[in-house]
Structures are given as structure tokens and as C-alpha cells.
Amino acid sequence: MAKSRIIIDCDPGVDDAIALLLAFASPDEIEIVGITTVIGNVSLPLTTRNALRITAMAGRQDIPVHAGCSRPIILPRVQRGASVHGTDGLGDLGISDATHEAESQHAVDFIIDTILREPGEITLCPIGPMTNIALALIKEPSIAEKIKAIVFMGGAAFTPGNTATDAEFNIWIDPHAAQVVLSSGIPMTMFGLDATRHATLTKARFDQLERDASPIMQTAIAIMRHYGSGDASLHDPCVTAFLIDPTLFRGVDAVIEVECDQAGAYGRTRAVENGNGRPVHVITEVDDERLFQLIDQRLRLL
Ligand code: BDR
Ligand code: CA
């Protein structure tokens with residue numbers, strides 16, 4: 001399988017951190033061209049600080065971090081509560097600050113420039129609200145046909161939400177952005193709650209991770225333990241795991257519509273039979289044991 005050249009668009013975030021570490025540990029399969037940050041689990045200054053802290057922790061200061069949008073397109077939203085990701089977004093563990101800084105170029109411009117420079121080569125991996133990706137498509141529509149693919153975490157096609165009754169968090173924060181992206185016609189793979197709810201950390205799995213854990217691994221475990229108290233699903237790492245081993249997952253093709261009406265099921269992502277537009281590959285099944293083994297093996301390489 002050819003190596004994926006990717007931009008990870010994220011809001012770290014506990015599970016975003018693990019998704020990044022998994023990608024860092026998989027250089028044969030994944031080359032990260034850049035990391036872009038967005039408001040989501042915590043504010044933009046914090047998601048950017050966390051992206052820098054994670055790259056520093058793994059010695060990957062060579063990967064540029066670009067800060068993006070500090071609010072959704074239409075409705076300002078509060079961030080997710082401290083109970084899920086901690087007030088600092090990484091479990092309030094006192095992880096050291098990076099000594100390097102984010103790039104001066106805005107994330108939206110970095111995404112546009114990178115895709116125009118390497119048409120057909122770049123896969124976008126949004127694992128937070130899709131505001132940056134939507135604005136890149138709006139600012140420079142010609143990039144749509146030059147993006148190789150989008151593999152994203154967000155939504156819930158056939159299952160209830162985790163934020164509002166029918167809405168998943170990333171989509172609920174900025175459904176208008178999601179609608180722009182999902183209707184773009186770009187080849188897309190969706191990791192919604194249909195799949196990611198099955199990527200769970202059990203006590204036995206924590207015990208396995210802890211065996212002979214390296215210092216980075218110990219920090220990763222501590223971050224995940226914070227998360228485990230509320231929502232034990234490792235949503236975002238499914239995206240980077242897919243690029244490493246797509247045989248871990250199975251799905252169906254469906255057109256996805258996003259509810260943007262505040263009077264309706266705001267933020268819902270509905271699979272529509274015979275809907276208009278290009279179908280999205282919606283992942284519905286995860287081999288969670290093999291997924292966990294992959295995460296365990298790869299994090300040990302850091
Ligand atoms: C998504 O919401 C965030 O809290 C996680 O980082 C993940 O991207 C799951 O609904
Ligand atoms: Ca996330």
C-alpha cells in the first residue's frame with residue numbers, strides 16, 4: 001500500500017493526541033505534511049498548544065503546526081466540558097509546554113497551498129469540527145478536485161449521537177462546515193459513532209498497555225485514563241489506524257445529509273438512501289481487538 005501523505009486537522013483533545021501519536025509511530029504508512037488546529041474540545045489557543053506539546057513530546061518538532069479557526073462558521077459554541085478532556089484538553093496532567101511555536105500561516109491557507117502544490121497527493125484527516133476544511137473549500141474551490149481523499153471522524157449515520165440526541169460532537173459544533181465538506185464530491189470515508197463507539201478501552205486493555213511501558217507510552221496511558229472515566233471510546237485514532245491497516249474496518253456507501261436547522265435535530269448526520277450527491281464510505285464495523293493490538297504495538301515504537 002502506498003504511503004499516505006496527510007494533513008491532520010484536529011482539536012486535541014485526548015483521543016486526538018492518541019491519533020497523532022499513532023501516526024508518528026507509523027512512518028512507513030503515514031507521512032504527516034502538517035497539523036492544523038481548530039476550536040473544538042477546548043479553545044483554539046489550547047488545541048494549538050496541545051498539538052505543539054504532543055509533537056514536542058514525540059520529538060516531532062519537524063512537523064509544522066498551523067492554527068486555524070477559533071469559532072464555527074455560524075453559531076458560536078462552548079467547548080466540551082472539562083470532564084471529558086480536562087480543562088487543558090489533555091487530562092490536566094501538567095504535560096510540558098513545547099519550546100517551539102506554531103507557524104505564522106493560517107491553517108486554511110496552509111491547506112490550500114499544500115493541495116495546490118501537490119494536486120492529487122494529499123489526504124485530509126479532520127478529527128475535530130470541519131471549519132478549517134470548509135473554509136479552505138470556500139476560499140479556493142478548485143482544491144476540491146485536487147484532494148486525494150478525506151478520512152474523517154464525525155457524525156453518527158445509523159446510531160444515536162453523543163452530544164445532542166442525534167448529533168455527534170464534531171458535527172454538532174459546526175454542522176454548516178460539515179455540510180460544505182460532505183457535499184463537496186470529494187472521495188470520503190466517515191468514522192462516525194457507528195464505528196468508533198466500538199473502539200473502546202477496557203481494564204484488560206489498559207493493563208496490557210501498561211506492561212513495560214516507555215515514558216511516552218506512560219504519558220499516553222495517563223491521558224487515556226482521564227478520558228476513560230467519561231467516554232472510553234478512542235474515536236480519532238480510528239482515522240489514523242485506517243491509513244495503516246484498512247482491513248480493520250468495514251462499511252457501507254451512503255449519501256450523508258447534515259441537519260443545520262436549529263429547530264430540527266441540529267447536527268444530525270443522516271444516511272439517505274438514493275440521496276443526491278456522491279456517497280460517503282460510512283464505516284460501520286471495527287475489529288476492535290486487532291485495532292487495540294495495533295495501537296499497543298505502535299505506541300511502543302515511540
Ligand atoms: C469526537 O469528539 C471529540 O470530543 C473527540 O476528540 C472526537 O473527535 C467524538 O465525538
Ligand atoms: Ca477530536
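Me: How many helices and strands does the chain have, and what makes a run count as one?
Reply: There are 12 helices and nine strands, each a DSSP run numbered from the N terminus (helices are H or I with at least four residues, strands E with at least two). Residues are numbered from 1 along each chain as its sequence is written, with chains lettered from A and ligands numbered from 1 in the order written. Bear in mind that this is a predicted model, where local features need pLDDT of at least 70, side-chain atom pairs need 80 or more, and totals for chains, interfaces and linings use all residues; side-chain values use heavy atoms, leaving out hydrogens and water.

Me: Why does the radius of gyration of the chain agree with a compact globule?
Reply: The rule (2.2 Å times the number of residues to the power 0.38, with the radius taken over C-alpha atoms) puts a globule of 302 residues near 19 Å, and the chain has 17 Å, so the two agree.

Me: What makes Asp11, Asp16, Ile127 and Asp236 donors of the calcium ion (ligand 2)?
Reply: Donors are N, O and S atoms within 2.8 Å of the metal, or 3.2 Å for Na, K and Ca; water is not among the atoms, so sites may look incomplete. Here Asp11 (OD), Asp16 (OD, twice), Ile127 (O) and Asp236 (OD) sit at 2.3 to 2.6 Å, so they qualify. Along the chain, the donors follow the spacing D-x4-D-x110-I-x108-D.

Me: Why is Asp11 called buried or exposed?
Reply: Buried means under 20% relative accessible area, exposed over 50%, and partly exposed in between (1.4 Å probe, protein chains only). Asp11 is at 0%, so it counts as buried. Asp16 is also at 0% and therefore buried. Across the 302 residues of the chain, 56% count as buried.
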